[in-house]
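Open your viewer, switch to the cartoon view and get ready to click along. We will go stop by stop, and each stop tells you what to select next.

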Amino acid sequence: MLTSVLNLVRAGLGITIVPGYVCAFARLLGLHAVAIQDGPQRRHELSLIQRRSTRLSLAAKTFLDELEATLHAREASPDPTAFLDDRPIHPDTE
């Protein structure tokens with residue numbers, strides 16, 4: 001599945017967020033990895049993978065900015081469960 005996702009990115013069909021250990025493999029495919037800054041107490045290294053010679057779209061840049069802001073806010077929160085959302089993923093299917 002991971003190879004399929006990376007090949008979709010390589011074909012220009014989007015971006016993906018992956019654990020840090022995938023970056024070396026993505027680079028072998030000619031992709032570019034951007035580290036996601038999630039605060040000082042990193043649990044897992046995350047990276048955004050995109051085609052090497054492209055810029056992030058406005059939507060992707062906004063998503064990345066929001067993700068980083070949320071991760072920073074979660075690190076600063078005294079209650080680690082404060083950011084958990086108990087709503088169903090697909091509310092229309094209840």
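Here is a tour that starts with the whole chain and ends with single residues.

**Stop 1: the whole chain**

Before you select anything, keep in mind that this is a predicted model. Colour the cartoon by secondary structure, and you should find three helices and three strands. Now trace the chain from the N terminus: the elements come in the order α-β-α-β-β-α. The protein has 94 residues, and 23% of them are buried. If you switch on the surface, you are looking at an accessible area of about 6900 Å², with 57% of that area belonging to carbon and sulfur atoms. Contacts also reach along the chain: of those between residues at least 6 apart in sequence, 47% link residues at least 24 apart.

**Stop 2: the sheet**

Select residues 16-19 for β1, 31-36 for β2 and 46-51 for β3. In which order do the three strands lie in the sheet? The order is β1-β3-β2, in an open sheet with antiparallel pairing. β1 and β2 are the edge strands, each with a single partner, so one side of each has no neighbour in the sheet. Look along the sheet and you may notice the twist: neighbouring strands are turned by 35 degrees against each other on average, ignoring direction.

What holds strands together in a sheet? Strands pair through backbone hydrogen bonds, in either a parallel or an antiparallel way.

Now zoom in on the pairs. β1 and β3 are joined over four bridges, while β2 and β3 are joined by six. To see one bridge on the β1 side, select proline 19 and its partner leucine 46 in β3. For the other pairing, select leucine 31, whose bridge partner in β3 is arginine 51. Another pair to show is valine 34, which stands opposite leucine 48 in β3.

**Stop 3: helices against the sheet**

Select residues 58-76 to bring up helix α3. This helix lies across β1, β2 and β3, and runs at about 30 degrees to β2.

**Stop 4: the nonpolar core**

Show these side chains as spheres: Leu6, Val9, Val18, Val22, Cys23, Ala26, Leu29, Leu31, Ala33 and Ile49. Together, these 10 residues make up the largest nonpolar core. Which elements give two or more residues to this core? They are α1 (2-10), α2 (23-28) and β2.

Keep the spheres on and click leucine 6. Beyond its neighbours within four places in sequence, leucine 6 is in contact with Thr16, Val22, Phe25, Ala26, Leu29, Leu31 and Ile49.

Next, click isoleucine 49, which sits in strand β3. Is isoleucine 49 buried or exposed? Its relative accessibility is 0%, so isoleucine 49 counts as buried. Its contacts, again leaving aside residues within four places in sequence, include Val9, Val18, Cys23 and Ala33. Try the distance tool between isoleucine 49 and valine 9: they are 40 residues apart in sequence, yet their C-alpha atoms are 7.5 Å apart.

**Stop 5: a buried glutamine**

Stay in strand β3 and select glutamine 50. Glutamine 50 has a relative accessible area of 5%; because the cut-off for buried is under 20%, this residue counts as buried. Where does its side chain reach? The side chain comes to 2.7 Å from the backbone oxygen of threonine 54. Glutamine 50 also touches residues farther than four places away in sequence, among them Val9, His32 and Leu56.

**Stop 6: toward the outside**

Move over to strand β1 and select isoleucine 17. At 30% relative accessibility, isoleucine 17 is partly exposed. Outside the four places on either side in sequence, isoleucine 17 contacts Ile36, Leu46, Ser47, Leu48, Phe63 and Leu67. From isoleucine 17 to valine 34, the C-alpha distance is 9.4 Å, with their positions 17 residues apart in sequence.

Finish at tyrosine 21, in the loop between β1 and α2. With 69% relative accessibility, tyrosine 21 counts as exposed. For a last distance, pick the C-alpha atoms of tyrosine 21 and glutamate 45: they are 24 residues apart along the chain and 8.0 Å apart in space.

Note on methods
Residues numbered from 1 in each chain as written. Predicted model: local features only at pLDDT ≥ 70, side-chain atom pairs only at ≥ 80, totals over all residues. Heavy atoms only, no water. Pairing = 2+ DSSP bridges. Core = buried A, V, L, I, M, F, W, Y, C linked by side-chain atoms within 4.5 Å. Buried < 20%, exposed > 50% of the residue type's maximum accessible area, 1.4 Å probe, protein only. Contact = heavy atoms within 4.5 Å. Polar contact = N/O pair within 3.5 Å; in protein donor to acceptor, adjacent residues only side chain to side chain. Axes fitted to C-alpha atoms, helices over the stretch in contact; angles between N-to-C directions. Areas by Shrake-Rupley, 256 points an atom, 1.4 Å probe, with all protein chains shown as cover.
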